[in-house]
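The following exercises concern strand pairing, salt bridges and surface exposure. Each task is followed by a solution in steps.

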Amino acid sequence: MAREFQRGHKARVSDLTQGTDLYVGVRIDAPGLTFDISCFGLDAEEQLSDDRYFIFFNQPKSPEESIQLLGAQAGDTESFRVTLERVPDFLHKLSFTATVDGSGQMSDIGPGYIRIVAGGEEVVRYAFTGAEFTTERAVMLGDFYRKDVWRFAAVGQGFDGGLDALLKNFGGEVAEEEPSVPEPRATGPVPGFAPPAGPAQGHVPAPAPAPSFGAPVAAPAPAPAPTPVHAAPTIVAPLSVPQGAVPPPAPPPAPAPYGQSVPPPYGQAAPAPFGQPVPAPFGQQPPGAPQGVPQGPPPEGAGLQAALQKYREVPTGQRWTAQNGQLVRVDLGMDGSPVLARQGSMVMYQGKVDFGYKGAGFAGRVVGHVTGQEMQLMRCTGKGQVFLAEEGAHLHPVELQGDGICVSAENVLAFDESLRYEVRRIDGHGIPGGALFTMVFQGTGTVVVKTHGTPVVLPVTPTTFADSNAVVAWSAASQVIVSSQVRLRRHAYPGHSGETVNLQFRGAPGNFIVVQPYEV
């Protein structure tokens, strides 16, 4: 069964298939538009240092035939044969791209995909639609790249400038030459390296020899290498402001730790004190204002850019930055140390970032299943910025400086790999299984805690009790005692019966607990 990739997903080829002789199919079309689908063989600097490895309709194969253009077949607009074991060592990436030939843009396309077929079976597919693009006229769809071993990444990023911008990004340029007429492409069955399973989606038709093509034609000459688009840093300059508009305010400071005054989340007004009027939601007039009556231009000025100014990215120069109450950014380029994040929490990234699966091992999976504290994590490495969120949950980066915090795995979004973490047992009578469990994070680094709603931080006193279904976290030095039958955290143990408990916290001054206004 084929794995479905989303934009930004990556995996080792060996995890997808044991084969190295692969069929790559691309489908992309739109009424009235034609597309050029190509493959760029790039060196370690992600540049087209040898134009013989620009594979397109006028140069259908590389010198050693490790990359071959096969033509339209099996429902694919274009297809390739890639033999990874024959790719020269100086090539570090094979980038498959699509560009609009003539007028038009990628937002006009219908549903499309790039897929990999091995041994007659589709092993991975990255599907996309025009809704994912705007004015782009050239798009990088997917990459094979070397990082110890061959890997595949779903890219889905492009350029407004079309083929010219794409070539310049890879260190080439469009040559001024007479237009050439492409030789007819074979539309017969796929070669024997990818035997068919009929015309159904995900399979290719009957085997046949690879099509033959004419002699290669010189591809565009290389030009000075610009900075690769994936290596470009996050744009921290403010949007241009119309003449006469007030410049944007300085970025707010980084969020304060739990229990301290926190500046208002990015793009939101500061919460009103108790008993004071609540600010109007985004796009609405203040309470009591006449509906439908213009309230005058905003103080920042008029126009679209001025209106969006307060929602721009918040750069602070720190490793972890809260962009707003539900979105956090981590800068991997600050010190190069990896980040572990919940799988599926990445909503956007910029730069050269690699996402890998972080397994817990057999023992870790057993412990996680028994205790309910299992986390499915991805490992983020490289240089760039990764934006993380999950279902609109409120996010709180908590920085540890040699101290520790206890937090349930279900309330953890991401954390620095430098932190130590383990499962802690809370013993109690009358609990099925005899205990509750939580995660303990210790060391130097940041853990991002997620909550339903805005939490409250309370000091630990001899009379501090909390519903185990609402408590989110507490200081690692606190002593926790199962007090009475009130409520039990769901999924805290397998096969729970719905019995209920109450937790009592004890500790020296300085200890705290965090409670959310929600019961899981």
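**Exercise 1. Determine how S2 and strand S12 pair, and place both strands in their sheet.**

Solution. The structure is a predicted model.

Step 1. S2 and strand S12 (residues 149–159) are joined by 3 bridges and run in the antiparallel sense. Within this region, Arg12 stands opposite Arg151 in S12.

Step 2. The sheet is open, has 6 strands with antiparallel pairing, and follows the order S2-S12-S11-S8-S4-S5. Its edges are strand S2 (10–12) and strand S5 (54–55), each of which pairs on one side only.

Step 3. Helix H2 (residues 162–169) packs on this sheet and touches strand S4 (34–42), S5, strand S8 (93–101), strand S11 (138–147) and S12. The direction of H2 makes about 20° with that of S11.

Step 4. In general, strands of a sheet pair through backbone hydrogen bonds, in either a parallel or an antiparallel manner.

**Exercise 2. Identify the pairing partners of S14 and decide whether S14 is largely enclosed or open.**

Solution.

Step 1. On S13, the pairing with S14 is antiparallel and comprises 4 bridges. A hairpin of 2 residues connects S13 to S14, and Trp320 stands opposite Val330 in S14.

Step 2. S14 also pairs with strand S17 (residues 377–388), again through 4 bridges in the antiparallel sense. Here Val328 stands opposite Leu388 in S17.

Step 3. Of the 5 residues of S14, 4 are buried; therefore the strand is largely enclosed by the rest of the structure.

**Exercise 3. Explain which parts of the chain are tied together by the salt bridge between Arg329 and Glu313.**

Solution.

Step 1. The closest N and O atoms of Arg329 and Glu313 are 2.4 Å apart, and the two residues form a salt bridge.

Step 2. Arg329 belongs to strand S14 (residues 327–331), whereas Glu313 lies in the loop between H3 and strand S13 (320–324), so the pair ties together parts that are 16 residues apart in sequence.

Step 3. Because its relative accessibility is 3%, Arg329 counts as buried; the cut-off for that class is under 20%.

**Exercise 4. Classify the surroundings of two further salt bridges, Glu122 with Arg115 and Asp29 with Arg27, as buried or partly exposed.**

Solution.

Step 1. Side chains of opposite charge can pair when their charged atoms come close.

Step 2. In the salt bridge between Glu122 and Arg115, the closest N and O atoms are 3.2 Å apart. Both Glu122 and Arg115 are buried.

Step 3. The side chains of Asp29 and Arg27 also meet in a salt bridge, at 3.2 Å from N to O. Asp29 is partly exposed, with a relative accessible area of 30%, and Arg27 is likewise partly exposed, at 31%.

Step 4. For the wider setting, the whole structure contains 20 salt bridges. Glu46, Lys93, Asp143 and Lys352 are linked in a network of such bridges.

**Exercise 5. State which residues form a nonpolar patch with Leu308, and give the exposure class of Leu308.**

Solution.

Step 1. Leu304, Leu308 and Tyr311 form the nonpolar patch on the surface; together they have about 290 Å² of accessible area.

Step 2. Leu308 is located in helix H3 (residues 304–308).

Step 3. Because its relative accessibility is 42%, Leu308 counts as partly exposed.

Terms used
Residues numbered from 1 in each chain as written. Predicted model: local features only at pLDDT ≥ 70, side-chain atom pairs only at ≥ 80, totals over all residues. Heavy atoms only, no water. Patch = residues over 30% accessible without salt bridge, like charges linked within 9 Å, V, L, I, M, F, W, Y side chains within 5 Å. Areas by Shrake-Rupley, 256 points an atom, 1.4 Å probe, with all protein chains shown as cover. Salt bridge = Lys/Arg side-chain N within 4 Å of Asp/Glu carboxyl O. Buried < 20%, exposed > 50% of the residue type's maximum accessible area, 1.4 Å probe, protein only. Pairing = 2+ DSSP bridges. Contact = heavy atoms within 4.5 Å. Axes fitted to C-alpha atoms, helices over the stretch in contact; angles between N-to-C directions.
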